[in-house]
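Please open the coordinates in a viewer and keep the sequence panel at hand. The tour proceeds by selections, each followed by a description of what is found there.

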There are 4 protein chains.
Amino acid sequence: MLDRDAFSAWLNLNIIKIEKGNCTLSCTVNSQMLNGFDILHGGITYSLSDSALAFAANAYGYKCVSVETSISHLYPVKNNQALTITANEIHRGKSIGVYQVEILNDENQLISKFKGTVHISKDVW
Amino acid sequence: MLDRDAFSAWLNLNIIKIEKGNCTLSCTVNSQMLNGFDILHGGITYSLSDSALAFAANAYGYKCVSVETSISHLYPVKNNQALTITANEIHRGKSIGVYQVEILNDENQLISKFKGTVHISKDVW
Amino acid sequence: MLDRDAFSAWLNLNIIKIEKGNCTLSCTVNSQMLNGFDILHGGITYSLSDSALAFAANAYGYKCVSVETSISHLYPVKNNQALTITANEIHRGKSIGVYQVEILNDENQLISKFKGTVHISKDVW
Amino acid sequence: MLDRDAFSAWLNLNIIKIEKGNCTLSCTVNSQMLNGFDILHGGITYSLSDSALAFAANAYGYKCVSVETSISHLYPVKNNQALTITANEIHRGKSIGVYQVEILNDENQLISKFKGTVHISKDVW
């Protein structure tokens, strides 16, 4: 899935672990990812979380589409920091799955907390 | 602000209008923005919304930081589509502001609905 | 639906208008609805919004269940205030619907903004 | 705080533990709390979570007001079930705090997951 995902490739996402419902990724912040205050753009934090959600939810083989997600931004992130992104399954029913994603910086501070709801289709991807 | 915002520049964001509390932006989807299902990565939709939130909230001159945001993804977006991003102020108190952002595709379909809460500091940026 | 809904009855909800995807309700705050700061408990604001969501989404005749909802609390509400609750459909697909609900006080101030996602089943209720 | 909180009293909330940033509550569902589908109204689930958030965030002695909250409803809850509500602090900065609240039924199933953001004032309550 990552191979065909152009934007996740641009993010330089590395997969540490993927299994049904859970995954761990890593990423190093670069200067193209910063906003006008010279810290990591919130859109990157979200994108890392959303990719982790997609990998965890789709690991069962059935196509899952994100329908509603929210993210709390807790700490600013600086250039060159190494981030660890962890997605965990909170709930998986017949048609709805709920996942949380946490991102830690290299000092083990929680920089964001994400919750995402996916719709689970019957299509294999 | 956009000039110093490296990731918004990468997104090819164009400013159509900015005023205190509101802004309108445009953007054309390119192939680097797609995910593994060959549609626009949800992280881009979020990033466009988050930049619009930042421009609208910071237009008063006081530094605003996004604390909690949520987005509903309503329609898939294909490569080369032109998007219009509109941020509106719902509420602005002394220390908290709330904004909504809608993105339309070039057929005027609502592709996402975003709500964001910012903390308003007393620092001028 | 309201007739069988014990908690909506406790809330003294009045239906002003219900049609497919939209509804308008009214409610007057009483002293049992207040929290420890002597203002309306956020749970009541949410409950009014969630009932409005349910009435609007279920008005098509198919059973809809709320899966993920968020609410911004914008203004404190005092005892005896009359509230108007309005639900509008943002999106209705095959299996997912998205609605927003706004509550105004009797001075026409927006006191809360709610966004809710429902799963649409094929069961008639 | 609970003594002065009329709606939390109506909910029959029992405090099992409160400390700075965290709390555990219990509650038994009764027939007035049900919706038109004869299951627990989502507004009650939210209210229990919001009260737990308030108790945990205000336990430092400074007045905290909820600004943005979201809840995922994961399992239907039936009449007479005993619920355990647990709030945990995810982050507490100078002016913003973020908390999560989980509710378990008496079979230890997670029935809802709530995330709440509060604004921390300098006023002692």
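**Chains A and B.** Begin by selecting these two chains of the predicted model. Between them, 28 residues of chain A are in contact with 29 residues of chain B. On the side of chain A that touches chain B, the elements giving two or more residues are α1 (6–10), α2 and β3 (62–73). Which element of chain A gives the most to this side? It is β3(A), with 8 residues. Colouring this side of chain A by class shows 10 nonpolar, 14 polar and 4 charged residues.

**The paired strands.** Next, select β3(A) together with β3 of chain B, residues 62–73. The two strands run antiparallel and are joined by 5 bridges. To inspect one pairing, select E68(A); its bridge partner in β3(B) is S72(B).

**The axis.** Now show chains A and B as traces and superpose one upon the other. A turn of 180°, with a shift of 0.0 Å along the axis, lays chain A on chain B with an RMSD of 0.0 Å. This is the relation of a two-fold axis. Both copies use the same surface, since 100% of the contact residues of chain A recur in chain B. Where does chain A come closest to the rotation axis? Select S70(A): of the residues of chain A, its C-alpha comes closest, at 2.0 Å.

**A loop residue of chain A.** Move to L40(A), which lies in the loop between β2 (22–28) and α2 (42–58) of chain A. Is L40(A) buried or exposed? It is buried, because 27 other C-beta atoms lie within 10 Å, and 20 or more suffice for a residue to count as buried. Leaving aside residues up to four places away in sequence, L40(A) touches V29(A), M33(A), L34(A), T45(A) and V77(A). Add N79(A) to the selection: this residue is 39 residues from L40(A) along the chain, and the two C-alpha atoms are separated by 7.0 Å.

**The nonpolar core.** Finally, display chains A, B, C and D and select residue A52 in each. The largest nonpolar core has 140 residues. Those with the most contacts inside this core are A52(A), A52(B), A52(C) and A52(D). For a view of one such position, centre on A52(D). With residues up to four places away in sequence not counted, A52(D) touches C23(D), L25(D), I85(D), A87(D) and V101(D).

Definitions and conventions:
Residues numbered from 1 in each chain as written. Chains lettered and ligands numbered in written order. Predicted model: local features only at pLDDT ≥ 70, side-chain atom pairs only at ≥ 80, totals over all residues. Least-squares fit on C-alpha atoms with pLDDT ≥ 70 in both. Contact = placed C-beta atoms within 7 Å. Helix = DSSP H or I, 4+ residues; strand = E, 2+ residues; numbered from the N terminus. Buried ≥ 20, exposed ≤ 12 C-beta atoms within 10 Å, placed from the backbone. Nonpolar A, V, L, I, M, F, W, Y, C, P; charged D, E, K, R; others polar. Pairing = 2+ DSSP bridges. Core = buried A, V, L, I, M, F, W, Y, C linked by C-beta atoms within 7 Å.
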